[in-house]
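Please open the model in your viewer, with side chains switched on, and follow the stops below in order. At each stop you are told what to select and what to look for there.

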Amino acid sequence: MLISVFNAVLIVLVTWLAYRYFELRERTSPTEERYSQFVSGVASIVDRIEGYDAAHSLEVAQTAEKLALAAGLEGEQLQALKAAAMLHDVGETLLPREILRTAERLNDEQTYLMRTHPLLGELHLKSRMQTPDEVPAIIRWHHERWDGLGYPDNLKGEEIPKAARILAIADAISAMRHLRSYRPKQYKSQKDIDAEIERQAGLQFDPELAALWLKLSPAAGNN
Ligand SMILES: [Fe+2]
Ligand SMILES: [Fe+2]
């Protein structure tokens, strides 16, 4: 069964807590601050459930913002990307918990289920959270690849919105930096990670954005 009773209860609880949190802050904080606190609160729950050994969502958002600013994104586009980066894996909270916490490599069926998370995330945001329209769209396409071999829609090149192409690079960088319950840490240093980004330029990643990242990377002498 795609959604176990435990996961269903968890989803209701997360949504209710987020709603209560938003409601309680309403009288004391400006709207933008409340929105960003709400997004951060949900993202931290996603991080706990996903099984990374670090605050993956926040790290992805910080890297995505750095790359987006250098790529010329601004205003609402930039804000939508930041929110999408914080919430990009929210769909994983709807998957069976044993997939996220297994210590084994995922089998074919588990991989298939895992690959539904961009669509689940998009649907969850559209039906349960009030975010700008661009945010669920960016989440839907955060695992598309420049060469068209990604998922869920096999979009290719510039068919993929720029914000989703940026998010794909930021997500991969963070995933390579940290271990996850079913995947050991494969890269020892930022230099090794950047070599992989360079190798995947024009395949997995937008080549111009990959080249831009290589200039911005801490391994290139930046902070
Ligand atoms: Fe993802
Ligand atoms: Fe991720």
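Four donors count as tetrahedral if all angles lie between 85 and 135 degrees, and as square planar if opposite donors are over 155 degrees apart and all others between 65 and 115, while anything else is irregular. Keep in mind throughout that this is a predicted model.

**First stop: the iron ion (ligand 1)**

Select the iron ion (ligand 1) together with its protein donors, Asp89 (OD), His117 (NE2), His142 (NE2) and His143 (NE2), which lie 2.1 to 2.2 Å from the ion. The angles among these 4 donor atoms run from 86 to 177°, and the site is classed as irregular. Along the chain, the donor residues follow the spacing D-x27-H-x24-H-H. Two of them, 26 residues apart, link distant parts of the chain: histidine 117 belongs to helix α7 (residues 117–128), and histidine 143 to the loop between α8 (134–140) and α9. Histidine 117 is buried, with a relative accessible area of 1%, whereas histidine 143, at 22%, is partly exposed.

**Second stop: across aspartate 89 to the iron ion (ligand 2)**

Now add the iron ion (ligand 2), which lies 4.1 Å from the iron ion (ligand 1), with aspartate 89 coordinating both. Which residues supply the protein donors of the iron ion (ligand 2)? They are His56 (NE2), His88 (NE2), Asp89 (OD) and Asp171 (OD), at 2.2 to 2.3 Å from the ion. This site, too, is irregular, with angles of 81 to 167° among its 4 donor atoms, and its donors are spaced H-x31-H-D-x81-D in sequence. Here the pair to pick out is histidine 88, in the loop between α4 (75–87) and α5 (97–101), and aspartate 171, in helix α9 (residues 162–177), which are 83 residues apart and link distant parts of the chain. Histidine 88 counts as buried at 0% relative accessibility, and aspartate 171 is buried as well, with a relative accessible area of 6%.

**Third stop: threonine 102**

Move to the loop between α5 and α6 (108–114), where threonine 102 is found. A polar atom of the threonine 102 side chain lies 3.1 Å from the backbone nitrogen of glutamate 104. Threonine 102 is buried, its relative accessible area being 15%.

**Fourth stop: salt bridges**

Side chains of opposite charge can pair when their charged atoms come close. The model has 8 salt bridges, and one of them is formed by lysine 126 and glutamate 122, whose closest N and O atoms are 3.4 Å apart. Because these two residues are 4 apart in helix α7, about one helical turn separates lysine 126 from glutamate 122. Lysine 126 is exposed at 58% relative accessibility, while glutamate 122 is buried at 8%.

Next select arginine 140 and aspartate 153, whose side chains meet in a salt bridge at 2.7 Å, N to O. That pair links distant parts of the chain, with arginine 140 in helix α8 and aspartate 153 in the loop between α8 and α9, 13 residues apart. Aspartate 153 is partly exposed, with a relative accessible area of 29%. Salt bridges that share partners join Glu122, Lys126, Arg140 and Asp153 into one network.

**Last stop: a surface patch**

Finally, show the surface and select Leu13, Trp16 and Leu17, which make a nonpolar surface patch of about 310 Å². Leucine 13 lies in helix α1 (residues 5–25) and, at 44% relative accessibility, counts as partly exposed.

Definitions and conventions. Residues numbered from 1 in each chain as written. Chains lettered and ligands numbered in written order. Predicted model: local features only at pLDDT ≥ 70, side-chain atom pairs only at ≥ 80, totals over all residues. Heavy atoms only, no water. Donors = N, O, S within 2.8 Å, 3.2 Å for Na, K, Ca; no water. Tetrahedral: all angles 85-135°; square planar, octahedral: opposite > 155°, others 65-115°. Buried < 20%, exposed > 50% of the residue type's maximum accessible area, 1.4 Å probe, protein only. Polar contact = N/O pair within 3.5 Å; in protein donor to acceptor, adjacent residues only side chain to side chain. Patch = residues over 30% accessible without salt bridge, like charges linked within 9 Å, V, L, I, M, F, W, Y side chains within 5 Å. Areas by Shrake-Rupley, 256 points an atom, 1.4 Å probe, with all protein chains shown as cover. Salt bridge = Lys/Arg side-chain N within 4 Å of Asp/Glu carboxyl O.
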